[in-house]
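Q: Please take a close look at one part of this model, the salt bridges and the strands that carry them. Set that part in the context of the chain and follow it into its surroundings.

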Amino acid sequence: MFFSPGGTVECLRDFCDFPPGDDIILPITHDFRVGDPVRFIKEGGNLDTALSTSTQYFVVAVTNTTAQVSATKGGSAITLNGNGGDPDGSGTTDSAGHIKMEFGPSKAGCNITNVNLEISRDIITFATLPCGVGTTAATAMWAQFNSSSVGPPSGSGSFTLNYSSGSNTMGDRLSQNVMLQRPGTAKIKFFVNAVASSTSVDGELQPDLVASKRIEAEIGFNTLNNASEAEGVTTQEIGFYVVKLLHLYGTDLT
């Protein structure tokens, strides 16, 4: 299982959230942390020319309302040019586009057991009245069956974190996600057969998303149960709900 923790997807304004200097402006509800891998995606906006959508970045400094990034983990912060909203170089902020800053790629969750994910659709039942006067035994004597249809899909699940092996940094963040002000901003990738790619980010080999079968979804965390056993094993069961299903066994659903 690979995760992107909650609070690490922000839609930023290209002309005011990337001012000249080192700081990217973020809302106070963000949860980016030093060391996080991040990427930038243009959504009708113009990215500051000091940054690129094709480069892997890492957060090197963070406050409640700002973050600084570098192209290397622990490296020097990139100095922004402040021209994201000035696509023609005229000196006028004539763009009101958006730039998505998000955690990525996802990172593997360690010491996880008892994973379950259920996707279901409710059956909607409704009665239909006959169109006219019944003239046969089948229409006049016998009751009509209700008609049925299926409603929109929904999903939920849970997994257990095992702390017997020591620290679990990603597990700690997922546990904390239960209390986020904006809970539905995390992502999960549940691989059935993870095929390795040739790409490594932050020393972690990445799965080949074309060759691997997976379920990918935006999720929110809503339950946390903590338990300790006599042998010194501490476990946490974390429950989640599906906000949006993104990928299902080889098919993108977005």
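**Salt bridges and their strands**

A: The model is predicted. Of the chain's 254 residues, 37% count as buried. The chain holds 16 strands and 2 helices. Among contacts between residues at least 6 apart in sequence, 68% join residues at least 24 apart. The accessible surface comes to about 13600 Å², and 53% of that area belongs to carbon and sulfur atoms.

A search of the whole structure finds 9 salt bridges. In one of them, the side chains of R39 and E102 meet with an N to O distance of 3.0 Å. R39 lies in strand β4 (residues 37–43) and E102 in strand β7 (residues 98–103), so this pair ties together parts that are 63 residues apart in sequence. The two residues can be described by their accessibility: R39 is partly exposed, with a relative accessible area of 31%, whereas E102 counts as buried at 4% relative accessibility.

E102 also forms a salt bridge with K187, where the closest N and O atoms are 3.7 Å apart. K187 lies in strand β11 (residues 186–193) and E102 in β7, so the pair ties together parts that are 85 residues apart in sequence. Both K187 and E102 are buried. R39, E102 and K187 are thus linked in a network of salt bridges.

The strands that carry R39 and E102 belong to an open sheet of 6 strands, in the order β2-β7-β4-β5-β6-β3, with antiparallel pairing. At its edges stand β2 (9–13) and β3 (24–25), each with a single partner strand, so one side of each is left without a neighbour in the sheet. Strands β4 and β7 run antiparallel and are joined by 6 bridges. Within this pairing, the bridge partner of V38 is F103 in β7.

Next comes the segment that follows β7. A cis peptide bond joins G104 and P105, with omega about 0 degrees. P105 lies in the loop between β7 and β8. Strand β8 (residues 107–108) contains K107, which forms a salt bridge with D202, the closest N and O atoms being 3.5 Å apart. D202 is in the loop between β12 (196–201) and β13 (204–207), so the pair of K107 and D202 ties together parts that are 95 residues apart in sequence. At 32% relative accessibility, D202 counts as partly exposed. The backbone of D202 has a positive phi of about 55 degrees, although D202 is not a glycine.

N111 also has a positive phi, near 55 degrees, and is likewise a residue other than glycine. N111 is placed in the loop between β8 and β9, and counts as partly exposed at 30% relative accessibility.

Strand β9 (residues 112–126) leads to a surface feature, since I119 lies in this strand. I119 counts as partly exposed at 38% relative accessibility. Together with V192, L248, Y249 and L253, I119 makes a nonpolar surface patch of about 420 Å².

Terms used: Residues numbered from 1 in each chain as written. Predicted model: local features only at pLDDT ≥ 70, side-chain atom pairs only at ≥ 80, totals over all residues. Heavy atoms only, no water. Helix = DSSP H or I, 4+ residues; strand = E, 2+ residues; numbered from the N terminus. Buried < 20%, exposed > 50% of the residue type's maximum accessible area, 1.4 Å probe, protein only. Contact = heavy atoms within 4.5 Å. Areas by Shrake-Rupley, 256 points an atom, 1.4 Å probe, with all protein chains shown as cover. Salt bridge = Lys/Arg side-chain N within 4 Å of Asp/Glu carboxyl O. Patch = residues over 30% accessible without salt bridge, like charges linked within 9 Å, V, L, I, M, F, W, Y side chains within 5 Å. Pairing = 2+ DSSP bridges.
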